[in-house]
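Here are my notes for you, as promised. Keep the viewer open while you read, and click on each residue as it comes up.

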Amino acid sequence: MKKPEMPPVPANIARYVEVLGVDDTVKFLLEFGGSEFWFPTGPDGRSELVEVLGAEKALAIAENEPALKGRIPLAKPWIAAVLSAKGLPGGKIARKLHVSDVTVRKYLADSSSPKNPRQLSLF
């Protein structure tokens with residue numbers, strides 16, 4: 001069976017991918033997705049962001065903060081497609097995303113179906 005290609009990057013996370021790359025964007029979104037954009041620091045002054053991404057990437061994302069306003073996206077369908085392209089099975093993807101295997105199959109089916117911009121949605 002042919003391994004799926006890397007999915008296109010949605011516009012709402014494109015800047016994260018530019019700054020962090022695909023793998024670190026996935027790590028970042030899994031750790032911080034759904035929260036407001038801020039950099040929590042622990043009692044010792046260390047940032048959770050540094051612990052997850054390392055100092056260099058944390059600094060890069062902090063420098064781009066004005067372009068990344070608001071809430072950090074979840075991007076679960078995109079993450080599912082990326083993890084699938086890397087060869088992870090659906091069950092493991094479901095556990096990482098805290099969704100069901102049925103949801104992962106839907107994400108992957110939606111991401112692999114060709115989209116025609118001229119086709120109107122039925123719903």
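The points below go from the overall fold down to single residues.

1. Start with the big picture. What you have on screen is a predicted model. Its secondary structure adds up to seven helices and zero strands, so the pattern along the sequence is simply α-α-α-α-α-α-α. If you like to colour by secondary structure, expect helices and loops here, with zero strands to pick out.

2. Next, some totals for the whole protein. There are 123 residues, and 31% of them count as buried. The accessible surface is about 8200 Å², and carbon and sulfur atoms account for 56% of that area. Now take the contacts with a separation of 6 or more: 65% of them are between residues 24 or more positions apart.

3. Which helix should you look at early on? I'd pick α5, residues 76-85, where eight of the 10 residues are buried. Those eight are W78, I79, A80, A81, V82, L83, S84 and A85. The cover over them includes α1 (14-20), α2 (22-32), α6 (90-97) and α7 (101-112). Just past the end of α5 you reach G87, with a positive phi of about 95°.

4. Zoom in on V82, one of the residues of helix α5. V82 has a relative accessibility of 1%, and because the cut-off for buried is under 20%, V82 counts as buried. Which residues does V82 touch, once you skip its neighbours within four places in sequence? The answer is M6, P7, V22 and V26. The P7 contact is a nice one to show: P7 and V82 sit 75 residues apart in sequence, yet their C-alpha atoms are 6.3 Å apart in space.

5. Now for the largest nonpolar core. It has 28 residues, and the members that touch the most other members are Y16, F28, L29, I61 and W78. At least two core residues come from each of α1, α2, α3 (48-53), α4 (55-63), α5, α6 and α7. Which helix gives the most to this core? That is α5, with five residues.

6. Have a look at the aromatic rings too. The count comes to two aromatic pairs. One is F28 with F32, a tilted pair with 5.4 Å from centre to centre and 45° between the planes. Both of these residues belong to helix α2, and they are four residues apart, about one turn of the helix. F28 is buried at 1% relative accessibility, and F32 is buried as well, at 9%. Add Y16 and you have one aromatic cluster made of Y16, F28 and F32.

7. Stay in helix α2 for a moment and find D24. Is D24 buried or exposed? Its relative accessible area is 14%, and since anything under 20% counts as buried, D24 is buried. Apart from its neighbours within four places in sequence, D24 is in contact with L53 and K57.

8. Then turn to α6 and α7. Their axes are 8 Å apart, and the helices pack at an angle of about 105°. Angles of 65 to 115 degrees count as roughly perpendicular, so that is the word for α6 and α7. On the α6 side, the residues that meet α7 are G90, I93, A94 and L97. On the α7 side, their partners are D101, V104 and Y107.

9. Last, two backbone angles worth a click. Most residues other than glycine have a negative phi. A75 is not a glycine, but its phi is positive, about 50°. You'll find A75 in the loop between α4 and α5, and A75 is buried, with a relative accessible area of 15%. H98 also has a positive phi, near 60°, and is likewise a residue other than glycine. H98 lies in the loop between α6 and α7. What about its cover? H98 counts as exposed, because its relative accessibility of 70% is over the 50% cut-off.

Conventions
Residues are numbered from 1 along each chain as its sequence is written. This is a predicted model: local features need pLDDT of at least 70, side-chain atom pairs count only at pLDDT 80 or more; totals for chains, interfaces and linings use all residues. Side-chain values use heavy atoms; hydrogens and water are left out. Buried means under 20% relative accessible area, exposed over 50%, partly exposed in between (1.4 Å probe, protein chains only). Contact means heavy atoms within 4.5 Å. A nonpolar core is a set of buried Ala, Val, Leu, Ile, Met, Phe, Trp, Tyr and Cys residues joined through side-chain atoms within 4.5 Å. Accessible areas come from the Shrake-Rupley method with a 1.4 Å probe; for residues, only the protein chains shown count as cover. Rings of Phe, Tyr and Trp (its six-membered ring) pair if their centres lie within 6.5 Å; planes under 30 degrees apart count as stacked, over 60 as edge-to-face and the rest as tilted. Axes are lines fitted to C-alpha atoms, for helices over the stretch in contact, and angles run from 0 to 180 degrees between N-to-C directions. Angles under 35 degrees count as roughly parallel, over 145 as roughly antiparallel, 65 to 115 as roughly perpendicular and the rest as oblique.
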